[in-house]
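Below is a short report on one protein model. It moves from the sheets to the loops, the cysteines and the surface.

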Amino acid sequence: MKLSNRVLGLTTSPIRKLTPYANAAVKAGKKIYHLNIGQPDIPTSPKFLEAIRSFDTKVISYGPSQGYPELLKAIAKYYQDWGMDYTEKDIYVTNGGSEALQFAAMSLCDPGDEILVFEPYYANYSTFAKLANAVIRAVPTQAEDGYRLPAKEVVEQYITPKTRAILLTNPGNPTGVVYTKDEMNRIASLVLEHDIALIADEVYREFVYDGEYTSFGTFPELKDNLVIIDSVSKRYSACGARIGCVVTKNAELCQQFNKLCQGRLCAPELEQVGAAAIYEHTPKSYLEEVNKEYRHRRDTIAAGLAAIPGLISAQPKGAFYVMVKLPVDDAEKFAIWMLQDFEDNGETVMIAPGNGFYATPGKGVDEARLAYVLNCDDLKRAMELLAKGLQAYPGYTLK
């Protein structure tokens, strides 16, 4: 049986690829502090489960392809509270932000078309592009300057006749960067001058720790070019609910999203009921407390990283990730070694190797993404284990 070149060309997730090593470590009796995956330990908004428990129906039936009407209304109200003029007709509920990204790539790209990203970038962007037979074209950013966006003329050099979209996360995954208004204006002007799409992945909108956040959805000039990707996963700590949405004011693009929604029939009804309740009834104090907790965690991991000789990291401004340059020969080998060969009092730490967040071969080999989703005591211990592991690692370059 022959497999498709499409699926053979997909890469393994750098976030999950080391799971077999982690499973073996757990089987051997080790406790692992997971810094490799953005799974918050914050309790899910209780409104989600309350709504599902109280939902009374005799049949779980197919729902509207676009989405549960109450959820569409609630999401529209959420955007209006953020100063964005989106209504129910502009919103399409998806199976998580992942399906929203896939819908965007499939609607905008023909085989061989290009999507511009800024590396390091969320690794699954490559998967969604390849599923649409599109190509990721990566613009480099540098750890030494905090992964800020390059000048407009630098970015423009990467735009070709095949470029169909610029895709970025704000706040950033994996970097934690929050783009300034000047950086956003740079991107907006390029999008308009070249008449391409801007796919703005804004799922971490609430997680900004220094300064204020601006959404691309508040740029009226981008009305026909902007696609927003959103999700309840991180905002309300409901990753397993798999409810997201893709949003645009472009009427022609909405028609194409509707086709894709119809093709997969509908998103799950129960989870939409729960998500509608989250948007409608979760008080602002919930998100304020979550933001405060993550700011504390950000400061905790930043202090721990600053104390490790030879490690380079920029202060993350948002989301709950930080990219680090490690004083090792190969971060993936180091990550495996930490799981297989290192322990301190029966404990170790798991990180996501950085090479999977780059499209350029050879880049990110000595980098890793860390997710500060653990409580502060666990983060302190994880930093202690990381420091001890580096000191003991045969490939530690400062020896």
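The report follows strands, backbone features, cysteines and surface in turn.

## The seven-stranded sheet

This is a predicted model. One open sheet has seven strands, in the order E2-E8-E7-E6-E5-E3-E4. Its pairing is mixed. Strand E2 (91–94) and strand E4 (135–140) stand at the edges. Each has a single partner strand, so one side of each is left without a neighbour in the sheet. From one strand to the next, the twist averages 25 degrees.

Which way do strands E3 and E5 run relative to each other, parallel or antiparallel? Strand E3 (residues 114–119) and strand E5 (residues 163–169) run parallel. Three bridges join them. In one pairing, Ile-115 has Ala-165 of E5 as its bridge partner. In general, strands of a sheet pair through backbone hydrogen bonds.

## Strand E10 and its partners

Strand E10 covers residues 321–325. Five of its five residues are buried, so the strand is largely enclosed by the rest of the structure. In a regular strand the side chains alternate between the two faces of the sheet. Here, Tyr-321, Met-323 and Lys-325 point one way from E10. Val-322 and Val-324 point the other way. Lys-325 is thus listed among the buried residues, along with Tyr-321, Met-323 and the two valines.

E10 pairs with strand E9 (residues 312–313) in the antiparallel sense, over two bridges. Ser-313 stands opposite Val-324 in that pairing. E10 also pairs with strand E13 (residues 367–371), again antiparallel, over five bridges. There, Met-323 stands opposite Arg-369.

## Loops and backbone geometry

Two cis peptide bonds fall before prolines in the loop between E5 and helix H8 (181–194). The bond from Asn-170 to Pro-171 has omega near -5 degrees. The bond from Asn-173 to Pro-174 has omega near 25 degrees. Pro-171 lies in the loop between E5 and H8, and Pro-174 is found there too.

Positive phi values also appear outside glycine. Tyr-147 has phi near 60 degrees. Arg-242 has a positive phi of about 55 degrees, although it is not a glycine. Tyr-147 sits in the loop between E4 and helix H7 (152–156). Arg-242 sits in the loop between strand E7 (226–231) and strand E8 (244–247).

Are these two residues buried or partly exposed? Tyr-147 is buried, with a relative accessible area of 2%. Arg-242 counts as partly exposed, at 33% relative accessibility.

Gly-63 belongs to another loop, between helix H3 (46–54) and helix H4 (69–81). At 28% relative accessibility, Gly-63 counts as partly exposed. How far apart in space are Gly-63 and Ser-126? Their C-alpha atoms are 31 Å apart, and 63 residues separate them in sequence.

## Cysteines

How many disulfides does the model contain? The count comes to zero. For Cys-239, the nearest cysteine sulfur is that of Cys-245, 15 Å away. Cys-239 is in no disulfide. For Cys-254, the closest cysteine sulfur is in Cys-261, at 9.9 Å. Why is there no bond between these two? The 9.9 Å between the sulfurs is too far for a bond. The cut-off for a disulfide is 2.5 Å between sulfur atoms.

Cys-239 and Cys-254 are both buried. The table gives their values.

| Cysteine | Nearest cysteine sulfur | Distance | Relative accessible area |
|---|---|---|---|
| Cys-239 | Cys-245 | 15 Å | 13% |
| Cys-254 | Cys-261 | 9.9 Å | 6% |

## A nonpolar surface patch

Which residues form the nonpolar patch on the surface? Met-1, Leu-3, Val-7 and Leu-8 do. Together they have about 490 Å² of accessible area. One of them, Val-7, has its place in helix H1 (residues 5–8). Val-7 counts as partly exposed because its relative accessibility is 43%. Partly exposed covers values between the 20% limit for buried and the 50% limit for exposed.

Note on methods. Residues numbered from 1 in each chain as written. Predicted model: local features only at pLDDT ≥ 70, side-chain atom pairs only at ≥ 80, totals over all residues. Heavy atoms only, no water. Patch = residues over 30% accessible without salt bridge, like charges linked within 9 Å, V, L, I, M, F, W, Y side chains within 5 Å. Areas by Shrake-Rupley, 256 points an atom, 1.4 Å probe, with all protein chains shown as cover. Salt bridge = Lys/Arg side-chain N within 4 Å of Asp/Glu carboxyl O. Helix = DSSP H or I, 4+ residues; strand = E, 2+ residues; numbered from the N terminus. Buried < 20%, exposed > 50% of the residue type's maximum accessible area, 1.4 Å probe, protein only. Pairing = 2+ DSSP bridges. Axes fitted to C-alpha atoms, helices over the stretch in contact; angles between N-to-C directions.
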